[in-house]
Amino acid sequence: MRKSIVALVGRPNVGKSTLFNRLAGEPLAIVDDIPGTTRDRLFAQAEWNGVVFDIVDTGGIDPTSGHSHPLSVGSADYIRQIRDQAEIAIQEADAILFLTDAASGVTPADQEVADILRRSQELRQGKLHPPILLVVNKADGQRLRLQASEFYELGMGDPYPISALHGTGTGDLLDALVSALPAFEEEPETDVVKIAIVGKPNVGKSSLLNRLAGEERSIVSPIAGTTRDAIDTQIDFGGLPVVLIDTAGIRRRGRIEPGVEKYSVIRSMRAIERADVALLMIDAVSGITAQDAHIAGFILESWKSTVVLVNKWDAVEKDNSTMNVFTQKLRQELNFMDYVPILFISAKTRQRVDQVLPMALRVQEERLVRLTTSQLNQILQEAQDTHAPTSHAGRPLRIYYGTQVRSDPPTFMLYVNDPKLAHFSYLRFIENCIRRKYSFIGTPIRLVLKPRH
């Protein structure tokens, strides 16, 4: 089921990153007293009263704009940056938390953001969309909480005085937020295989889509970040319906330009969530980068199956060992995904492009495989005979039996004496033993430990 997106919007240094970290439950965003510290877009999952939603720390407003001194609040560049941020949030978010600063009071920048948000709302089914909650942050004492009433002049409804740093008032804010979030219907399951094409900007995703679709379905440009939206293209492949999702390029943190491209990353992540298989494209010319590993991590966290495509292989000077050397380097950098198949392709010359969809569909079939309980327990017994389980403080881990509780992705429940005794390395050993029996090509395996009483 689709999760709602909640965007944190406001002028610099009102505490957006601090509130983001509190809602996320971990320090994911950089917090600093210097305005404009948040240079990148961060998002994470949050939950309140059983409602799960994505929160987005917008950032992206640079008050210095290349100058040695901060721009004045009324300057054209400053206002334009605030306007761009607020308008994009309106387009993408299902709800907005508009942050202000109780200690500073109402500023001209707050007025500007309020005007943009108010003008951008639209009426849907008798309600304003997206709902906007006015948050008065840094209300750390009784005096500042009382001063929050000054923010009524923004015309954004009741202010919610909070302290993101200490957590006071956030419960009431979250109660109001979850009640304002829209309800999404669960998408019906179909036999259509959904394949997302993901990767950093300008790696050739749109070109590959056009080759696979057999026609020019997506704009192709050498300018990084051309594709802003996730584009669905349905094709028929040997009688099987396949949906190709071409996503916007994903850049390393700190390299994402303020504005539209920040939110295109959200669309890319959502595309990965919707997909059955992700085609992770890597630029053969620039080689493997931290960005590639970062994107691979997103895919793994979503438990999606993967095929790695090394694109622009035609542009690489090669000898007899070039492919092997590149493969070894790739396996080393993506050692947490050593089960994924690798194809060296050229979307430009069509080299091995005809192998992409067959491999993706094979990976999808592997994702749906189920092992019988007897097969799994034979594997577990042989694994323990070969390598005894780890022990802690004299207590050895004991695996009594296991069963596959689901596929998509393959999930195995292992009944043990104490899950805390299981070391990561031994669980990796168990996973490798399972893969030796059945490889589950390109597909992550999830091991869940449950104590047997």
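**Close-up views of a predicted model**

**View 1. A charge over Trp-303, just after helix H8.** Arg-446 sits over the face of Trp-303, 4.3 Å from the ring centre. The model shown here and in every other view is predicted. Trp-303 follows H8 and has a positive phi, near 60°. H8 itself has 12 residues. From its first C-alpha to its last, H8 reaches 16 Å, close to the 16 Å expected at 1.5 Å a residue. Buried residues in H8 are Gln-291, Asp-292, Ile-295, Ala-296, Gly-297, Phe-298 and Ile-299.

**View 2. The largest nonpolar core, a set of 30 residues.** Val-198, Leu-280, Ile-299, Val-308, Val-310, Trp-313 and Leu-330 touch the most other members. Both strands and helices give two or more residues to this core. The strands are S9 (193–198), S11 (240–246), S12 (277–283), S13 (305–311) and S14 (342–344). The helices are H7 (260–274), H8 (290–301) and H9 (322–333). H8 supplies the largest share, four residues. Another core, of 27 residues, lies apart from this one. Among its members are Leu-208, Leu-212, Val-307 and Leu-357. In soluble globular proteins, nonpolar side chains tend to be buried together.

**View 3. The surroundings of Trp-313.** Trp-313 is one of the core residues that touch the most other members. Leaving aside residues up to four places away in sequence, Trp-313 touches Ala-284, Lys-318, Thr-322, Met-323 and Phe-326, among others. Its further contacts are Phe-344, Ile-345, Ser-346, Gln-351 and Arg-352. Two of the residues touched, Phe-326 and Phe-344, join Trp-313 in one aromatic cluster.

**View 4. An edge-to-face pair, Trp-313 and Phe-326.** The whole structure holds seven aromatic pairs. In this one the ring centres are 5.8 Å apart and the planes stand at 85°, so the pair is edge-to-face. The pair links distant parts of the chain, 13 residues apart. Trp-313 is in the loop between S13 and H9, whereas Phe-326 is in helix H9. Both Trp-313 and Phe-326 are buried.

**View 5. A stacked pair, Tyr-401 and Tyr-415.** The rings are 4.6 Å apart, centre to centre, with 20° between the planes. Tyr-401 lies in strand S17 (residues 399–406) and Tyr-415 in strand S18 (residues 411–416), so the pair ties together parts that are 14 residues apart in sequence. Tyr-401 is partly exposed, at 35% relative accessibility. Tyr-415 is buried, at 17%.

**View 6. A charge over Tyr-400.** Arg-452 lies over the face of Tyr-400. The distance from the ring centre is 4.0 Å.

**View 7. A salt bridge within helix H9, Lys-329 to Glu-333.** The structure holds 10 salt bridges. Here the closest N and O atoms are 3.1 Å apart. Lys-329 and Glu-333 are four residues apart in H9, so about one helical turn separates them. Lys-329 is partly exposed, at 40% relative accessibility. Glu-333 is partly exposed too, with a relative accessible area of 33%.

**View 8. A salt bridge from helix H10 to a loop, Arg-367 to Asp-408.** The side chains meet at 2.4 Å, N to O. Arg-367 lies in helix H10 (residues 356–367) and Asp-408 in the loop between S17 and S18. The pair therefore ties together parts that are 41 residues apart in sequence. Arg-367 is buried, with a relative accessible area of 2%. Asp-408 is partly exposed, at 29% relative accessibility.

**View 9. A salt bridge within helix H12, Glu-431 to Arg-435.** The two side chains meet at 3.1 Å, N to O. Both residues lie in H12 (residues 424–437), four residues apart, about one turn of the helix. An α-helix has 3.6 residues a turn, so residues three or four places apart point the same way. Glu-431 counts as buried, at 13% relative accessibility. Arg-435 also counts as buried, at 11%.

Notes: Residues are numbered from 1 along each chain as its sequence is written. This is a predicted model: local features need pLDDT of at least 70, side-chain atom pairs count only at pLDDT 80 or more; totals for chains, interfaces and linings use all residues. Side-chain values use heavy atoms; hydrogens and water are left out. A nonpolar core is a set of buried Ala, Val, Leu, Ile, Met, Phe, Trp, Tyr and Cys residues joined through side-chain atoms within 4.5 Å. Buried means under 20% relative accessible area, exposed over 50%, partly exposed in between (1.4 Å probe, protein chains only). Contact means heavy atoms within 4.5 Å. Rings of Phe, Tyr and Trp (its six-membered ring) pair if their centres lie within 6.5 Å; planes under 30 degrees apart count as stacked, over 60 as edge-to-face and the rest as tilted. A charge sits over a ring if NZ of Lys or CZ of Arg is within 6 Å of the ring centre and within 35 degrees of the ring normal. The expected span of a helix is 1.5 Å times one less than its number of residues. A salt bridge is a side-chain nitrogen of Lys or Arg within 4 Å of a carboxyl oxygen of Asp or Glu.
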